[in-house]
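Please open the model in a viewer and keep the selection panel at hand. The tour proceeds from one selection to the next and states what is found at each.

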Amino acid sequence: MRKNLILILSVILSFTFTSCQRGNDQTSGAPKIALVMKTANNPFFIEMQKGAEEEAKKLGVNLVVQAAEREVDVEKQMQIVENLIQTKVAALCVTPSGSREIVPAIEKANRAGIPVLIIDTRVDPKALSESQGKVASFIGSDNYEGGKLAGEFIAKQLGGKGKVAVLEGIPGHETGDSRLRGFRDALKTTPEIEIVASQTANWERDQGFNVFQNILQSHQDVQAVFACSDLMALGAVEAIAAAKKTGIVVVGFDASAEARDAIGRGTMGATIAQSPATMGALAVENAYRLIKGEGIKDEIVVPIKLVTKENVGATNANN
Amino acid sequence: MRSGGLTLRGNFFSHYGRQLGTLSGLLGLVVVLWALTPHFLTVSNLLNVAEQATIIAIVAVGMTFVIITAGIDLSVGSVLAFAGVVMASLLHAGLPLPLALVAGLGTGLLCGVVNGLLITVGRLPPFIATLGMMSVARGSALMFTEGRPISGFAEGFRSLATGDVLGVPVPVIIMLAIYAIAHFVLRRTKLGRYTYAIGGNEEAALLSGINVRIYKTMVYGLAGMLSGLAAILLTARLNSAQPIAGMNYELDAIAATVIGGTSLLGGEGTVVGTLIGALIMAVLRNGLNLLGVSSFIQQIVIGSVIIAAVLIDMGLKRRGK
């Protein structure tokens, strides 16, 4: 029986071994760069991974991509970083699952002499400076600007007057908080637009559905909703369909393929396009330059833009 | 208690045999990983794995006690989150460290005792009582913090996670101490013997004069308190207490317990087995990371190992009878 257990474990492991063999062998000797994402099952991060992998191929870099099973699992992400430190990667690119919770992991990488590039989500500057952690660069979108674009779009659609709801991301997430701030600041110039409800749907589609359904119950005259991510926006779209309402302007964030379709069909008004693929590519490119001893910028801004019915076809072609 | 002692002795060989089986599973895993990657069998990585195992391992001690009584505790992850944010907010409010730590443990204990009372006095099935607590504790943690993490602590507190004694990380030492104590309690004390007796045959335990209510409540209280301890270590490790921390930890703790040979039917199990189970899970995750295996495949592997371990366990049990 004991032998059986060993046998089964060996079989399972050799199976996984063969499945990762591909990535390791062809570029042995090449510098090893790790990209640790929040999750591997969100379209945004799948795009990021693709962009990073293409760039790695171009540069001849050995790229390892890892992610926790769940986007909010900060402890699992820390474990992944610790484990990658053990494999002595030359550089670490991380999209933090928690802006503050990532700091101890950064400290550990610092101690091991491995440079850390932060992608997509900023590290809390206070937490970082308190622990004297060092980050080589931040590569990401200007989320504040994106939130502002969304706010301006909604203000224009409503003619400067009306009731608006907001679906927030997980509180304390820097990306969501910045989008929210940008959105609110944009609406400050139009005092006749009122935010009647602002609640979290934890970045999730089913929660976007439920929360917006509840908002529709208590605020039947809501005219627009800004969701801090497309997944939550698509949940809201379904809630609107279920309530048989029309004419509510839904604005999301991320410009996922499904959101683009929804904009084409007219069920969503707009979304903000980030370029996760570009982000992934820039991460690998800059990590590579860092390893070669070249200087890189502290902050690398990845462009964003508003996607509406007018340009949804054009941006589709771009990606 | 005579019948408790007999149950123990009767199961002695199957206990022992199964622990050996689990242990050789762990060793087999180590050998395979050693062959596959040069980064695995290094002192720094082994300490790294041990440290990563601590939190689930400590939660799993409480889970082992609960499962031996033929119960289940689904609330451990949420209780961990609640205890963590209570302690963190008290630390931020300037409470001295020892008091804040006691408050963290106390919050866990309280939640656990409520679980126990719901099950014993309220006569709710453990699944339902702790499912309810899972939601109540999570909601309390979120309400208490308005959904935001509480972060940034003094070096003294953080050293609970970052410190080491002769190179061994403090959390690992705490974990080993907890296991030593739990092993002693389970084997040598009334509480331990009654835990087996209740799980083996609750009716018989009751008839032989064991105060089942009190001991069962103590067991759930213990599970809650250990969640509080895990919360302290997790908060120190991340330098942050999150109201959404500990999600799915109940499942990892149940997995570690079951891999370690504790029967979900109750009446048998050991904490030594659970420790090995927790290490198997940590070693697997670590090894798969070192090998660069995608998180999707990792889930398949971990699930397969749980199933394989229980299949083998059942095979051994059948042979033992």
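Begin in chain B of this predicted model, at the loop between helix 5 (97-120) and helix 6 (126-145) of chain B, where R123(B) lies. Display its backbone torsions: R123(B) has a positive phi of about 55°, although it is not a glycine. Is R123(B) buried or exposed? With 8 C-beta neighbours inside 10 Å, R123(B) counts as exposed.

Now select residue 255 of chain A. A255(A) is likewise not a glycine, and its phi is positive, at about 55°. The residue belongs to the loop that joins strand 9 (249-251) to helix 10 (257-265) of chain A. Its surroundings can be checked by counting: 28 other C-beta atoms lie within 10 Å of A255(A), which is therefore buried, the threshold for that label being 20 or more.

**Helix 12 of chain B**

Return to chain B and select residues 249-259, which form helix 12. Of its 11 residues, 10 are buried, so helix 12 of chain B is largely enclosed by the rest of the structure. The buried positions are Y249(B), E250(B), D252(B), A253(B), I254(B), A255(B), A256(B), T257(B), V258(B) and I259(B). After the helix comes G261(B), with a positive phi near 95°.

**S151(B)**

Next, select S151(B), which is part of strand 1 (residues 150-151) of chain B. S151(B) has 23 other C-beta atoms within 10 Å and is therefore buried. Which residues does S151(B) touch, leaving aside those up to four places away in sequence? They are R100(A) and A127(A) from chain A, together with N239(B) and S240(B) from chain B. For a sense of distance, add L36(B): the C-alpha atoms of S151(B) and L36(B) are 39 Å apart in space, and the two residues are separated by 115 positions in sequence.

**The interface of chains A and B**

Colour the two chains separately and select the residues at which they meet. Here 43 residues of chain A are in contact with 46 residues of chain B. On the chain A side, helix 1 (2-25), strand 2 (62-67), helix 3 (74-86), helix 4 (103-111) and helix 5 (125-130) each supply at least two residues. Helix 1 of chain A gives the largest share, 15 residues. Sorted by class, the side of chain A that touches chain B holds 22 nonpolar, 14 polar and seven charged residues.

**Chain A as a whole**

Hide chain B and show chain A as a cartoon. Its secondary structure amounts to 12 helices and 12 strands. Of the 319 residues in chain A, 55% are buried. Among contacts in chain A with a separation of 6 or more, 75% join residues 24 or more positions apart.

Colour by domain next. Domain 1 of chain A covers 26-140 + 276-302, and domain 2 covers 143-274 + 308-318. Their centres, taken over C-alpha atoms, are 29 Å apart. Where the domains touch, domain 1 of chain A contributes 11 residues and domain 2 of chain A nine. The domain 1 side of this contact comprises five nonpolar, two polar and four charged residues.

**The six-stranded sheet**

Within chain A, select the strands in the order 2-1-3-4-5-11; they form an open sheet of six strands with parallel pairing. Strand 2 and strand 11 (299-302) of chain A are the edges: each has a single partner strand, so one side of each has no neighbour in the sheet. On average, neighbouring strands of this sheet are turned by 15° against each other, direction ignored.

Zoom to one edge. Strand 5 (residues 137-141) and strand 11 of chain A pair in the parallel sense over four bridges. Here F138(A) stands opposite E299(A) of strand 11. Then add helix 11 (residues 276-291) of chain A, which lies across strands 1, 2, 3, 4, 5 and 11 of chain A and runs at about 165° to strand 5.

**Helix 3 and helix 4 of chain A**

As the last stop, select helix 3 and helix 4 of chain A. Their axes come within 9 Å and cross at roughly 5°. The two helices are therefore roughly parallel to each other. Show side chains for M78(A), V81(A), E82(A) and I85(A) of helix 3 and for P104(A), A105(A), K108(A) and A109(A) of helix 4, the residues that make the contact. By class, this contact has six nonpolar, no polar and two charged residues. As for the spacing along each helix, an α-helix has 3.6 residues a turn, so residues three or four places apart point the same way.

Methods. Residues numbered from 1 in each chain as written. Chains lettered and ligands numbered in written order. Predicted model: local features only at pLDDT ≥ 70, side-chain atom pairs only at ≥ 80, totals over all residues. Domains from an automatic or database assignment. Contact = placed C-beta atoms within 7 Å. Nonpolar A, V, L, I, M, F, W, Y, C, P; charged D, E, K, R; others polar. Buried ≥ 20, exposed ≤ 12 C-beta atoms within 10 Å, placed from the backbone. Pairing = 2+ DSSP bridges. Axes fitted to C-alpha atoms, helices over the stretch in contact; angles between N-to-C directions. Parallel < 35°, antiparallel > 145°, perpendicular 65-115°, else oblique.
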